[in-house]
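Hi,

Here is the structure I said I would pass on. Have a look at it first, and then read my notes underneath.

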Number of protein chains: 2
Amino acid sequence: MMKSDILELETKAKEAKAASRRLADLATGVKNKALSNIADDLLSRKDEILAANEADYKQAETSGMSAAMLDRLQLTESRLESMASDVRAVATLPDPVGEIFDMRTLPNGLIVGKKRVPLGVIGTIYESRPNVTIDISSLCLKSGNAIILRGGKEAIHSNTALAGVAQQAIARAGVPDGAIQFIGNTSRELVSRMLRMNEVIDLIVPRGGAGLIEFVRENAAMPVVAGGIGVCHTYVDRAADIAKAIAIAFNAKVQRPTVCNALDSLLVHKDIARKYLPQIAGEWAREGVEMHCDPASLDILGQEKSLKLAPATDDDWGKEFLSLVAAIKVVNSLDEALEHIERYGSGHSEAIITEDYGAAMRFLNSVDAACVYANASTRFTDGGQFGLGAEVGISTQKMHARGPLGLKEITSYKWIIFGTGQVRP
Amino acid sequence: MMKSDILELETKAKEAKAASRRLADLATGVKNKALSNIADDLLSRKDEILAANEADYKQAETSGMSAAMLDRLQLTESRLESMASDVRAVATLPDPVGEIFDMRTLPNGLIVGKKRVPLGVIGTIYESRPNVTIDISSLCLKSGNAIILRGGKEAIHSNTALAGVAQQAIARAGVPDGAIQFIGNTSRELVSRMLRMNEVIDLIVPRGGAGLIEFVRENAAMPVVAGGIGVCHTYVDRAADIAKAIAIAFNAKVQRPTVCNALDSLLVHKDIARKYLPQIAGEWAREGVEMHCDPASLDILGQEKSLKLAPATDDDWGKEFLSLVAAIKVVNSLDEALEHIERYGSGHSEAIITEDYGAAMRFLNSVDAACVYANASTRFTDGGQFGLGAEVGISTQKMHARGPLGLKEITSYKWIIFGTGQVRP
């Protein structure tokens with residue numbers, strides 16, 4: 001790493017800090033115009049973005065990147081359209097900055113309440129998915145935060161192109177210079193340096209694999225909101241509607257297997273296993289899903305020669321597959337399912353499929369995870385799907401914010417107090 | 001530190017974790033009864049509590065503890081009454097656990113929202129003020145969190161007595177064993193050990209001096225919410241009502257100078273300084289306030305022989321005095337006051353005294369601090385005063401919660417999703 005890279009990082013961080021002070025007061029109209037410009041330019045400049053992405057993709061393919069990672073890396077015209085539409089969705093959301101809440105008059109006449117304010121400067125360190133560049137930039141802009149983007153080397157061309165598009169689009173709308181900073185150096189040493197800049201960066205959001213997140217957690221001097229590791233269970237209760245249970249487990253595993261909210265383990269109540277398992281296994285098999293089965297489920301499915309089956313090992317429980325693999329376990333009760341999830345879940349997304357009202361309510365109440373579902377696919381854990389426009393990330397921690405991080409979740413507040421001369425007795 | 005102390009800490013932490021699971025579902029009525037028992041017992045067992053406190057006080061006095069620290073340490077019958085009344089106030093507050101918010105139906109029919117849940121186990125490391133033992137225990141109990149209390153050695157007798165009272169009072173109401181844990185070992189090594197227990201302790205709240213807070217921030221493996229260092233400014237604008245400005249600055253400095261929300265620096269607009277400064281200085285002098293003056297204020301006050309004046313040094317700006325000392329500076333404009341506060345404030349509590357509406361609104365908008373006041377004493381920054389019943393601490397950070405930490409601020413939430421078979425398209 002060269003001295004000039006460090007200098008560049010420090011300069012960009014200081015520019016971000018300076019910009020953040022002006023962003024905090026920026027008119028909603030200017031922010032929305034900037035977002036609308038980003039959406040326009042993603043489409044009008046699609047050729048140059050896709051060309052940059054193509055360069056990354058070819059390089060990644062040559063270097064032997066896994067299909068899962070290649071899928072996360074790839075941009076297509078339809079993915080660009082979906083990114084632009086997410087940006088427009090952020091523009092239509094209410095501006096979180098300045099929101100007044102919990103305000104009331106105290107018996108002594110003081111008017112006390114909270115006013116929502118930006119956090120300041122957010123740094124993000126992310127791997128692979130280039131749409132993160134735009135998602136996070138949009139949310140930070142709308143919430144009055146400056147952003148320092150540091151993407152991975154596998155997407156460097158795509159990220160450079162996307163960040164350039166965003167920077168030029170917002171400048172045209174009159175957003176202060178420095179609001180979106182992009183770090184082109186992809187070395188780990190530069191990340192280490194960034195993680196020590198707690199005087200300038202108020203929050204770090206790592207997005208990527210477990211290794212990256214652990215590295216950031218251990219080395220960051222500033223607060224970190226992390227998550228994204230999703231070991232997601234779907235529990236098919238004895239009182240499940242079989243058709244729903246098939247549709248949901250199929251969707252949760254197959255619709256996009258490379259992401260954190262995809263199904264990893266399927267838990268099935270013993271009373272319904274003989275009826276349900278062959279059906280879902282047949283559906284999954286047609287999409288190429290490999291099934292790692294506990295003894296009881298292997299006993300049920302073992303005769304089916306068309307299935308890709310393997311006996312589950314201890315490692316399969318609590319594993320995030322990020323591919324067309326699912327672990328399957330037959331449980332004796334809802335209690336056993338709850339215990340299994342408590343032991344092996346990562347606190348991301350968990351689902352029960354049941355028509356038993358009491359079982360559904362008990363599951364929703366008992367499971368300690370960011371998102372707990374009754375009768376729906378865990379694939380919905382997503383800022384866009386939850387109506388937040390997009391997401392900065394998905395938090396599996398309990399502090400500050402949990403689950404998809406939208407606009408509110410990257411703000412703070414201050415107490416404001418209107419007095420008329422009050423003193424404390 | 002003995003091996004048995006570590007073992008005891010680990011056992012207590014595990015008991016707290018086990019208790020936290022049951023506390024999360026504890027009925028509001030049981031929690032309120034437990035709080036009411038604590039309040040009763042603080043009064044009915046006051047002799048033994050005050051005797052324990054007397055032992056601490058004598059020892060501290062002999063060891064040469066400062067008047068400020070002695071004041072923080074001391075319990076009196078009236079302080080016990082006030083503690084009991086704070087506990088009863090917590091009982092009357094709505095139970096935060098289970099609160100449902102942001103719930104709505106999405107276009108696809110999914111019902112999505114958030115449900116408030118406890119954080120789990122909170123650890124607190126605190127110095128001196130024994131009322132913290134009761135304040136934090138009450139708030140944790142009401143919010144369904146287990147608490148591990150580790151107070152300072154200077155208050156060991158008081159804290160042991162108070163924790164014992166609380167533990168017995170809540171047991172009588174049927175709260176699960178282990179909800180309130182007290183660590184009698186006051187060594188720094190045990191704190192270090194506690195700060196590594198991130199598997200069991202979900203949040204650490206340090207309360208004490210800058211040294212303690214820095215130590216905790218640097219060594220804690222779990223999230224920390226810290227603050228409490230208050231370098232508080234009161235700015236008397238050119239358009240201030242003189243009588244209000246005198247009453248407020250007097251109250252902010254004198255009413256309890258040993259706490260974090262007391263006034264440290266008085267900033268006075270040049271146009272009002274000649275009229276205002278001699279009056280507030282005269283009031284302060286009668287209470288023994290020592291004034292560290294910048295050249296302009298020294299020029300105004302220098303002739304008054306009855307005042308305790310000294311020229312301000314660079315160290316006086318940004319200093320938390322915690323005693324009857326105030327720094328005084330004459331400023332040329334609201335802008336200069338804002339710049340001074342941005343540079344020297346600790347983000348705790350800042351006030352403007354003015355009858356100029358625009359100046360008040362600008363100050364409230366611009367100052368980046370946990371609590372920003374117009375025309376009131378900064379002494380109001382307090383959970384009890386803000387109607388939160390009591391406080392776990394006062395956060396000067398922006399993440400998770402800012403300002404006084406009441407019940408809501410020591411909770412998290414989970415997303416709950418009611419589906420009817422939805423899958424992601």
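Let's start with a pair of strands in chain B: β1(B) and β2(B) (residues 111–118) run antiparallel to each other, joined by 4 bridges. If you want a spot to zoom in on, B:Ile100 sits opposite B:Lys115 of β2(B). Before you go further, keep in mind that this is a predicted model.

**The sheet across both chains**

That pair belongs to something that spans the two chains. An open sheet of 10 strands runs in the order β10(A)-β9(A)-β11(A)-β8(A)-β7(A)-β12(A)-β13(A)-β16(B)-β2(B)-β1(B), with mixed pairing. Which strands stand at the edges? They are β10 (308–311) of chain A and β1 (100–105) of chain B; each has a single partner strand, so one side of each has no neighbour in the sheet. On average, neighbouring strands are turned by 20° against each other, ignoring direction.

Two helices of chain A are worth finding here. Helix α11 (residues 270–286) of chain A packs on the sheet, where it touches β7, β8, β9, β10 and β11 of chain A, and its direction makes about 145° with that of β8(A). Helix α14 (residues 357–366) of chain A lies across β12 and β13 of chain A and also β16 of chain B, at about 160° to β13(A).

**Where the chains meet**

The contact takes 45 residues from chain A and 45 residues from chain B. On the chain B side, α10 (242–254), β13 (371–376) and β16 (411–422) each supply at least two residues. β16(B) gives the most, with 11 residues. By class, this side of chain B has 25 nonpolar, 13 polar and 7 charged residues.

There is also a strand pairing with β16 from chain A: β16 (residues 411–422) of chain A runs parallel to β13(B), and 5 bridges join them. One place to look is A:Phe418, whose bridge partner in β13(B) is B:Ala374.

**A helix pair in chain A**

Last one: helix α2 (residues 28–44) and helix α7 (residues 156–172), both of chain A. Their axes come within 8 Å and cross at roughly 135°, which makes α2(A) oblique to α7(A). The crossing is right-handed. From α2(A), the contact uses A:Ala34, A:Asn37, A:Ile38, A:Asp41 and A:Leu42, and from α7(A) it uses A:Val165, A:Ala166, A:Ala169, A:Ile170 and A:Arg172. Those residues divide into 7 nonpolar, 1 polar and 2 charged.

Over to you!

Notes:
Residues are numbered from 1 along each chain as its sequence is written. Chains are lettered from A and ligands numbered from 1 in the order in which they are written. This is a predicted model: local features need pLDDT of at least 70, side-chain atom pairs count only at pLDDT 80 or more; totals for chains, interfaces and linings use all residues. Axes are lines fitted to C-alpha atoms, for helices over the stretch in contact, and angles run from 0 to 180 degrees between N-to-C directions. Angles under 35 degrees count as roughly parallel, over 145 as roughly antiparallel, 65 to 115 as roughly perpendicular and the rest as oblique. A crossing is left-handed if the near helix is turned anticlockwise from the far one by less than a right angle, and right-handed if clockwise. Two residues are in contact if their C-beta atoms, placed from the backbone, lie within 7 Å. Ala, Val, Leu, Ile, Met, Phe, Trp, Tyr, Cys and Pro count as nonpolar, Asp, Glu, Lys and Arg as charged, and the others, Gly among them, as polar. Two strands pair if DSSP finds at least two bridges between them.
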